[in-house]
Amino acid sequence: MDRPVLTAPNTPMPSVAADDPRVGNLLGTAVEPGQPPAIVLIGFPVDEGVRRNGGRIGAAEGPAAIRQAFYRLTPDPAVPAMSELLRRTVDLGDVAAGENLEAAQEALAEATAPHLAAGSLVIVLGGGHETAFGHFLGAVRAGIEVELLNWDAHADVRPLRDGLGHSGSPFRQALEHPSGLARRYTVAGLQPQSIAAAHLDYVRAHGRAVFASALTSTVVTEIYALLQHRALASFDLDALDQSLAPGVSAPASNGLGTSLWLDAAERAGANPNVIGCEIVELNPRFDRDDQTARLAALTVWRVIRGRTMVVASR
């Protein structure tokens, strides 16, 4: 396969006063030549898996919407090291993906693998949840054994459809991958009306299932404390309550609140075992006043603020 082309971000930088820098003004301004960035952002503008799974099309527009909101945020003034970390963060743009989902996932794998291998924290902006399998394939290319952690209302361990993967199958695909590099799977935020008994059994056979009703701050802490290997953390915005995140592929009633969700994001960044994250299923076509896009951007922001603690401890 030819090396994938990453198209440059098409998001204008914020125009602000010198004493009011935003994330977009800081990105990549202090990356040392020959040294890996501390964090890389990569967009995956693909929702063919959502279409295959019968969801609402539009998540391919997610990366652009997340960037537009994310670039406008300010670094936390109470955490001075965050500004420096943002300067060592590079937005590499979007994977140039065509209509072939499997080729797009391989392209994402090739784009992420060298950064996972180099020790940069990889943050992938989805895209449908088929993003997760492409991200996992990046770990496979890098030869890294990983645990999988999914914050989601759904288990996403459905079988393939006509031999093809989709947005509901990425974690089954990873767990059954011939590399054997997916060690364990935890999904947290499940809704009982959104998971079949067979799929719940499958998750429990490969790890742990945590329903939304059982999630507390203590349980979130415990989930990260139990990570024994390097890990990929997936944040599916449909785990959030529909009133908070209307712009998703599959809205959830009675979903998570923002406090637990953002705590989970920050703890992902703060956990040194977490080598990659993805934020998926933002569907701008169904958003309301950019509400979901802003929450997705804040999720990325909280991951990066959490990573500030890891970098500062080195």
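How many of the 7 residues of strand S8 (residues 230-236) are buried? Select that strand to start the tour, bearing in mind that this is a predicted model: strand S8 is mostly covered, with 6 of its 7 residues buried.

**The sheet around S8**

With S8 still highlighted, add its partners on either side. S5 pairs with S8 in the parallel sense over 6 bridges, and if you pick out Trp151 you will find Phe235 of S8 standing opposite. Then turn to strand S9 (residues 274-280), which runs parallel to S8 and is joined to that strand by 6 bridges; here Phe235 stands opposite Ile279 in S9. Beyond S9, select strand S4 (residues 121-126), which pairs with S9 in the parallel sense over 4 bridges, and look for Ile123, which stands opposite Cys277 of S9.

Now display every strand together, and an open sheet of 9 strands appears, in the order S1-S3-S2-S4-S9-S8-S5-S6-S7, with mixed pairing. Strand S1 (6-7) and strand S7 (207-211) are at the edges, and because each has a single partner strand, one side of each is left without a neighbour in the sheet.

**Glu145, in the loop before S5**

Next, select Glu145, in the loop between helix H6 (131-142) and strand S5 (146-151). Glu145 is partly exposed, since its relative accessible area is 31%. Show the residues around it, leaving aside those within four places in sequence, and Glu145 is in contact with Leu181, Arg183, His229 and Arg230. For one of these, Arg183, a distance between side chains is worth displaying: the side chain of Glu145 makes a polar contact with that of Arg183 at 3.4 Å. Ser179 may be added as well, for this residue is 34 residues from Glu145 in sequence, while the two C-alpha atoms are 9.2 Å apart in space.

**Asn283, in the loop after S9**

Follow the chain out of S9 to Asn283, which is found in the loop between S9 and helix H11 (291-312). Is this residue buried or exposed? Asn283 counts as buried, because its relative accessibility is 0%, which falls under the 20% cut-off. Setting aside residues up to four places away in sequence, Asn283 touches Arg56, Ile57, Gly58, Ala59, Gly247, Val248 and Ser249. Within this group, select Arg56 and show its backbone oxygen, which lies 3.0 Å from a polar atom of the Asn283 side chain.

**The largest pocket**

Switch to a surface view and centre on the largest pocket, which holds about 300 Å³ of space. Among the 21 residues that line this pocket, those closest to its centre are Asn53, His154, Asp156, Arg158 and Ala250. Coloured by class, the lining has 6 nonpolar, 9 polar and 6 charged residues.

**The enclosed cavities**

The last stops are inside the model, where there are 2 cavities of 30 Å³ or more. To frame the largest cavity, with about 50 Å³ of space, select Glu147, Arg184, Thr186, Arg208, Ile223, Leu226 and Leu227, which line it; by class, this lining has 3 nonpolar, 1 polar and 3 charged residues.

For the second largest cavity, with about 30 Å³ of space, select the lining residues Ala132, Leu148, Leu149, Phe171, Leu232, Ala233, Ser234 and Glu278. The elements that give two or more residues to this lining are S5 and S8, and the largest share, 3 residues, comes from S8, the strand with which the tour began. The lining of this second largest cavity divides into 6 nonpolar, 1 polar and 1 charged residue.

Note on methods:
Residues are numbered from 1 along each chain as its sequence is written. This is a predicted model: local features need pLDDT of at least 70, side-chain atom pairs count only at pLDDT 80 or more; totals for chains, interfaces and linings use all residues. Side-chain values use heavy atoms; hydrogens and water are left out. On a 1 Å grid over the protein atoms alone, a cavity is a set of points where a 1.4 Å probe fits but cannot get out, and a pocket is an open set with protein on both sides within 12 Å along at least five of seven lines; lining residues have an atom within 4 Å of a point. Grid points are joined across faces, edges and corners, and a volume is the space filled by probe spheres set on the points. Ala, Val, Leu, Ile, Met, Phe, Trp, Tyr, Cys and Pro count as nonpolar, Asp, Glu, Lys and Arg as charged, and the others, Gly among them, as polar. Buried means under 20% relative accessible area, exposed over 50%, partly exposed in between (1.4 Å probe, protein chains only). Contact means heavy atoms within 4.5 Å. A polar contact is a pair of N or O atoms within 3.5 Å; within protein, one must be able to donate a hydrogen and the other to accept it, and residues adjacent in sequence count only if both atoms are side-chain atoms. Two strands pair if DSSP finds at least two bridges between them.
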